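Let's take a walk through this chain, one neighbourhood at a time. Have the viewer open and follow along.

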Amino acid sequence: MSTVATFTAVPIPMNKLVSNSTLQVTPEGLLLREDERIGPSVHLGGGPEREVAVAAIEVRDARPGDGGALVALWRELTTAGLPSRLPAPPSAAAAEVAVSKHLADPAGRLLVVELDGAVHGMAYLRRTAISPLHDDSTITVEYLHVSDSSRRHGLGKALIAEAVTWAEHESCAHLAVVAPAIAREANRFLARLGLGQAGVLRFATTHTVRRRLAAEHAPNLLALLSSRRSAVARRAALGVAPRSVAQRGAAPLSPAGPVSPAPPVSSPAEPESAGT
């Protein structure tokens, strides 16, 4: 009979909350909890009695030393075969700096999920206002990802369960999860948990958006240039020469020809004084 792996508690800041119970999952996907007083093996029924060993799942905040595993998960996230505009994977050193920053952030948590002692999933939780017009807060789950080799073991469900626990602890009545619109399996999983689609998150670099904004104005510019060329063509058809910039500030032309300039106006000479 196999035994269930145990884990040593890790000190965390007071503003973080991690579930105390350990999740266990069977190879058939049966999710168990340690506080349900189920032994290290379970009979699944159906056919001869047999005992199946369960694997231990632990969800915790990322800590120093998880940088390499997080970079590997990010690399999977950005090369999962789906159209992605996410940034390229950072270096392990940069990931370690980010982990330390999130540990000190009271409004955000970077979670990892372990399966038999190895990190196989991640999620980023943020506590934000549900809208700019409401006082209610919500917990948003972003970058939810489980490694391909550990799918269908309950890791994603364990991450969502921890997000719900933190939302309840923070008195947040709502939970939001960001998932790619074309990730059918992930969206079906979230729909089964009661999460409906509320919108589509789009992502791009500021340079790309600025370039596209400039391109949106191009048709108006082309229409303006076309109208100017049409005006020049009409003038040429009427035999009117286009005026230069210097001519635009000169006197207008008359049908008989150019208007001659007016003679200069002279003032009469002042009378000589009687005393000179």
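What follows is a short tour of the fold, a strand pair, two helices and a few side chains.

Keep in mind that this is a predicted model. The chain has 6 helices and 9 strands, and of its 276 residues 26% count as buried. If you look at contacts between residues at least 6 apart in sequence, 59% of them join residues at least 24 apart.

**Strands β6 and β7**

A good place to begin is strand β6, residues 108-115. Here 8 of the 8 residues are buried, so the strand is largely enclosed by the rest of the structure. In a regular strand, side chains alternate between the two faces of the sheet. In β6, Gly108, Leu110, Val112 and Glu114 point one way, while Arg109, Leu111, Val113 and Leu115 point the other way, and all are buried.

The partner is strand β7, residues 118-129, which runs antiparallel to β6 and is joined to it by 8 bridges. Val112 of β6 stands opposite Met122 in β7. The hairpin of these strands has 2 residues between them, and Asp116 takes a positive phi there, near 55 degrees.

One β6 side chain also meets a ring: Arg109 lies over the face of Trp166, at 5.4 Å from the ring centre.

On β7, have a look at His120. It is buried, because its relative accessible area of 18% is under the 20% cut-off. Not counting residues up to four places away in sequence, His120 touches a set of residues including Leu73, Val113, Leu115, His145 and Leu155.

**Helix α2**

Helix α2 covers residues 92-103, which makes 12 residues. From first C-alpha to last the helix reaches 17 Å, close to the 16 Å expected at 1.5 Å a residue. Which residues of α2 are buried? They are Ala95, Val99 and His102. These cover an arc of only 70 degrees around the axis, which puts them on the same side of α2. On the other side, Ala93, Val97 and Lys101 are exposed. What covers the buried residues of α2 includes α1, β6 and β7.

His102 also gives us a link to a loop. Arg63 sits in the loop between β5 (55-61) and α1. Arg63 and His102 are 39 residues apart in sequence, with a C-alpha to C-alpha distance of 9.2 Å.

**An aromatic pair**

A pair of aromatic rings is described by the distance of the centres and the angle of the planes. The count for this model comes to 1 aromatic pair. Trp74 and Tyr143 form it, tilted, at 5.1 Å centre to centre with 50 degrees between the planes. Trp74 lies in helix α1 (residues 67-78) and Tyr143 in strand β8 (residues 137-146), so the pair ties together parts that are 69 residues apart in sequence.

How do the side chains singled out above compare in burial? Here are the relative accessibilities.

| Residue | Relative accessibility | Class |
|---|---|---|
| Trp74 | 14% | buried |
| His120 | 18% | buried |
| Arg63 | 28% | partly exposed |
| Tyr143 | 29% | partly exposed |

So for the aromatic pair, Trp74 counts as buried at 14%, whereas Tyr143 counts as partly exposed at 29%.

Conventions: Residues numbered from 1 in each chain as written. Predicted model: local features only at pLDDT ≥ 70, side-chain atom pairs only at ≥ 80, totals over all residues. Heavy atoms only, no water. Phe/Tyr/Trp six-rings, centres within 6.5 Å; stacked < 30°, edge-to-face > 60°. Helix = DSSP H or I, 4+ residues; strand = E, 2+ residues; numbered from the N terminus. Buried < 20%, exposed > 50% of the residue type's maximum accessible area, 1.4 Å probe, protein only. Lys NZ or Arg CZ within 6 Å of the ring centre and 35° of its normal. Pairing = 2+ DSSP bridges. Expected span 1.5 Å × (residues − 1). Arc of directions from axis to C-beta. Contact = heavy atoms within 4.5 Å.
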